[in-house]
Amino acid sequence: PYFGLAASLISLDATHLHASAKYHWELGDVSTADGSHVEHQYIEDGTYLTKLTTQVDKPGGWTTHHYARVRVDNVQPVVDAGPDIVAKEGQVINFLGHFTDAEWGDKHEATWRWGDNSMGKGKVVETNDKPQAEGTVTGNHAYCDNGEYTVELRVRDDDGGVGKDTLTVKVENVAPTVEAGEDMFAYPCTPITLMAHFMDPGWCDTHIGFWEFGDLSLIHI
């Protein structure tokens, strides 16, 4: 038996060579070749049955047929997740990855793992032309808290081969936006009720508040 990788040259050799013999190969994928030594590229992984016909066209000559198995293993995609990214809390980040596959006939699907215990399906756009399949993977994600996250892009071909790559996303904290409310009028020694609102794009953040009343007094909420 012979072994090799898809889309790579695999050498096949006849044995017991004869100077007057002709050698003809049927390579199992509708391809043929002539010669005692041939090199062939199988574009898909799988197991192929090759047939070698040896013929001597002389008086007393002969014709023989020999068979051999060729096992061709899958080649996983090569993945580039893209450069490292710096972003803000709550910002929707657009990710763009790339991949290639020596088995240009393979189709692919992709998954983004965002590094915050969540994941999402990537949108794949690819071409499947010789000499290799090429494609892009897009996705978008926002982070609810500042920190440093390792993002992993996984690309899987239709034969089960998985290629992966990572990038780092540094998420910076964003200060809350505060609205203290409308101006008010009050009488001395008369209680007033104050209500403020705030927004924070880091939705996982927790908050505390302080009222400073302008008369050197302070309330912690």
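This passage describes salt bridges in a predicted model and the exposure of the residues that form them.

Side chains of opposite charge can pair when their charged atoms come close. In the structure considered here, 5 salt bridges were found, among them the pairs lysine 22 with aspartate 57, aspartate 73 with arginine 71, and glutamate 172 with lysine 88.

In the pair formed by lysine 22 and aspartate 57, the closest N and O atoms are 3.6 Å apart. Lysine 22 belongs to strand S3 (residues 21-26), whereas aspartate 57 is located in the loop between strand S6 (46-56) and strand S7 (63-73), so this salt bridge ties together parts that are 35 residues apart in sequence. Lysine 22 has a relative accessibility of 53% and therefore counts as exposed, while aspartate 57, at 48%, counts as partly exposed; the cut-off for an exposed residue is over 50% relative accessible area.

A separation of 2.7 Å was computed between the closest N and O atoms of glutamate 172 and lysine 88. Because glutamate 172 lies in strand S15 (residues 162-172) and lysine 88 in strand S9 (residues 85-88), the pair ties together parts that are 84 residues apart in sequence. Glutamate 172 is partly exposed, with a relative accessibility of 29%, and lysine 88 is likewise partly exposed, at 40%.

For the salt bridge between aspartate 73 and arginine 71, the closest N and O atoms are 3.2 Å apart. Aspartate 73 counts as partly exposed at 29% relative accessibility, and arginine 71, with a relative accessible area of 39%, is also partly exposed.

Notes: Residues numbered from 1 in each chain as written. Predicted model: local features only at pLDDT ≥ 70, side-chain atom pairs only at ≥ 80, totals over all residues. Heavy atoms only, no water. Salt bridge = Lys/Arg side-chain N within 4 Å of Asp/Glu carboxyl O. Helix = DSSP H or I, 4+ residues; strand = E, 2+ residues; numbered from the N terminus. Buried < 20%, exposed > 50% of the residue type's maximum accessible area, 1.4 Å probe, protein only.
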